Amino acid sequence: DPIMRAHTGSVVYGIERDGQHRDVVVRPGTRFDWPPFVISVLVTFAFLAIGPLALIKRPGYLRARLLFLFSSAVAVEFAMPEIRDSYSLLMTVGLLLNGFQMGTHLHLASVLPERQRWVRKRPWVIPGLYVLGLGSFGLVAAVFLAERLGATPSPWTGDDLYGWLGWLIAGWAVAAFVLLARQAWSYPEAKGRQQAALLAAGLLAWSILALLQPTPLLNALLPRHWQEIVWNLLLLLFPICVMVILAREAKSQEQILLSLTDEVQRVSSIGDVSRIVSTDLHEAFHPQSTHVFYRQRHSRDLTLGHSTGVAPREEQIPEGSVLLRLVEAYGKAVDYPEDLAGLPPSERGWLDRLAARLIVPLIGRDHRLLGLLVLGEKKSEEPYTPHDRKLLQALTSQIALVYENARLKDRVEQS
């Protein structure tokens, strides 16, 4: 038997052979591998951060909720203990998380920067993505679990099925990249194209690595001990791109509205004010349509000053309109149809033809109604947030002041 004794953190084996004594010094364990650990921590916290950040900046947005679910699933997977063998229950949990990630990731890619046309035509595809992801990964997880309990539920082993998942992950990566690249190429607005292009660029390297993973090429191009580090570094690109988009989006919207406030103060014509307001609101909030109505000097009716998107048949709102009375009583932005249930059918039909979703009053210094901003549904199909309403409320106060000054100038010039 070897003779063992502790010696400054080492174990010394004393060996007697052929009358000769030899000491063999063994240092148990291995040096802690800091680089992979640090990168894994960064990836975990990056994905953990972007979900709540999106919910804070865009509360109520479908994209924000999807991003939160996807990023949380990725963070939980990275925070789990290392899976040592396929018989561990952690393998089952990890596979189910992967399936959920696949569904939410592809769902998110299909609604960025807005819900794509093919999704509107075939809404059943979205549930199908979740069925494919959870079903495929869940099947492999079930086989591993059955094998752990001593059963053989399929002609293929869990390891066989797990190998096939590599091709499913490759398809998932390519599909997500293609969905975003398509929007980066064909989306009509520059801002949306830039967002999709940034996310597609963040996914490109990961997609290539996912394609190589089930093939012998990956081991030929990249040593095994580097693969996990490179994989995690490439995953880190996605949350970085998301943070850049969130920061730029909020800054862009506020800059547009601030410049709009300055711009309307430099013009004196009510028609020019209406045109500037309508155009810049369209750029800031991306609604399907915008309509600016204002009260003319010689009339109590509201007249259409400018519109984008849906062209209205009627260009005036009569003074006796129930809509004007209700909006003036509210004194703040109201949702249609939720906040305007008391409208007569004729006025509801008119607002329906405008595709109205948010109506913002322009209130003068005498607390009288000067005009209306009628915004359609956002192209992203997301609701107007409290932050949106706060910005619009501050903006309409400035616009109302400019309208009053323009009307006063017209009155002086007419007299």
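The following exchange examines the grounds for several descriptions of this predicted model.

Colleague: Why is Val-277 called buried or exposed, whichever applies?

Modeller: Val-277 has a relative accessibility of 0%, and buried means under 20%, so Val-277 counts as buried. This residue belongs to helix H10, residues 270-285. Its C-alpha atom is 9.2 Å from that of Glu-263, with the two positions 14 residues apart in sequence.

Colleague: What makes Ile-363 buried, partly exposed or exposed?

Modeller: The relative accessibility of Ile-363 is 25%. Buried requires a value under 20% and exposed a value over 50%, so Ile-363 is partly exposed. Ile-363 is part of strand E8, which covers residues 356-363. Leu-401 is 38 residues away along the chain, and the two C-alpha atoms are separated by 8.8 Å.

Colleague: How do you know that Glu-328 and Arg-368 form a salt bridge?

Modeller: The closest N and O atoms of Glu-328 and Arg-368 are 3.6 Å apart. The criterion is a side-chain nitrogen of Lys or Arg within 4 Å of a carboxyl oxygen of Asp or Glu, so the pair qualifies as a salt bridge. Glu-328 is in helix H11 (residues 322-330) and Arg-368 in the loop between E8 and strand E9 (369-376), so the contact ties together parts that are 40 residues apart in sequence. Glu-328, at 30% relative accessibility, counts as partly exposed, and Arg-368, at 39%, is partly exposed as well.

Colleague: How many salt bridges does the structure hold?

Modeller: There are 4 salt bridges in the structure. Among them is the pair of Arg-389 and Asp-335, whose closest N and O atoms are 2.7 Å apart. This pair links distant parts of the chain, with Arg-389 in helix H13 (residues 386-414) and Asp-335 in strand E7 (residues 334-335), 54 residues apart. The relative accessible area of Arg-389 is 22%, so this residue is partly exposed.

Colleague: What makes Lys-378 and Asp-388 a salt bridge?

Modeller: The closest N and O atoms of Lys-378 and Asp-388 are 2.6 Å apart, and the cut-off is 4 Å, so the definition is met. Lys-378 is in the loop between E9 and H13, and Asp-388 in helix H13, so the pair ties together parts that are 10 residues apart in sequence.

Colleague: Are the partners in that pair buried or exposed, beginning with Lys-378?

Modeller: Lys-378 has a relative accessible area of 2% and is therefore buried. Asp-388, at 0%, is buried too. The limit for this term is under 20%.

Colleague: Which residues make the nonpolar surface patch?

Modeller: Phe-32, Trp-34, Phe-37, Val-38, Val-41, Leu-42, Phe-45 and Leu-48 make a nonpolar patch of about 790 Å². Phe-37, in helix H1, illustrates the accessibility requirement. Patch residues need over 30% relative accessible area; Phe-37 has 40%, and so counts as partly exposed.

Colleague: What is the volume of the largest pocket, and how do its lining residues divide by character?

Modeller: The largest pocket has a volume of about 1600 Å³. Of the 41 residues in its lining, Glu-77, Tyr-162, Gln-213, Glu-228 and Trp-231 are the closest to the centre. The lining comprises 25 nonpolar, 12 polar and 4 charged residues. Helix H9 contributes the largest share, 8 residues. Helices that each supply at least two lining residues include H1 (34-57), H6 (158-186) and H7 (190-212).

Colleague: Which residues does the cis peptide bond with omega of about -10° join?

Modeller: That cis bond joins Leu-112 and Pro-113, and Pro-113 is in the loop between H3 and helix H4 (117-121). The bond from Tyr-336 to Pro-337 is also cis, with omega near 10°. Pro-337 is in the loop between E7 and helix H12 (345-354).

Colleague: What is the phi of His-286, and is this residue buried or exposed?

Modeller: His-286 has a positive phi of about 55° although it is not a glycine. This residue is in the loop between H10 and strand E4 (290-295). Its relative accessible area is 17%, and the limit is under 20%, so His-286 is buried.

Colleague: What makes Ala-355 buried, partly exposed or exposed?

Modeller: Ala-355 has a relative accessibility of 28% and so counts as partly exposed, a class between 20% and 50%. Ala-355, in the loop between H12 and E8, has a positive phi of about 60° although it is not a glycine.

How values were computed:
Residues are numbered from 1 along each chain as its sequence is written. This is a predicted model: local features need pLDDT of at least 70, side-chain atom pairs count only at pLDDT 80 or more; totals for chains, interfaces and linings use all residues. Side-chain values use heavy atoms; hydrogens and water are left out. On a 1 Å grid over the protein atoms alone, a cavity is a set of points where a 1.4 Å probe fits but cannot get out, and a pocket is an open set with protein on both sides within 12 Å along at least five of seven lines; lining residues have an atom within 4 Å of a point. Grid points are joined across faces, edges and corners, and a volume is the space filled by probe spheres set on the points. Helices (H or I, at least four residues) and strands (E, at least two) are DSSP runs, numbered from the N terminus. Ala, Val, Leu, Ile, Met, Phe, Trp, Tyr, Cys and Pro count as nonpolar, Asp, Glu, Lys and Arg as charged, and the others, Gly among them, as polar. Patches are made of residues with over 30% relative accessible area and no salt bridge: like charges are joined within 9 Å, nonpolar side chains (Val, Leu, Ile, Met, Phe, Trp, Tyr) within 5 Å. Accessible areas come from the Shrake-Rupley method with a 1.4 Å probe; for residues, only the protein chains shown count as cover. Buried means under 20% relative accessible area, exposed over 50%, partly exposed in between (1.4 Å probe, protein chains only).
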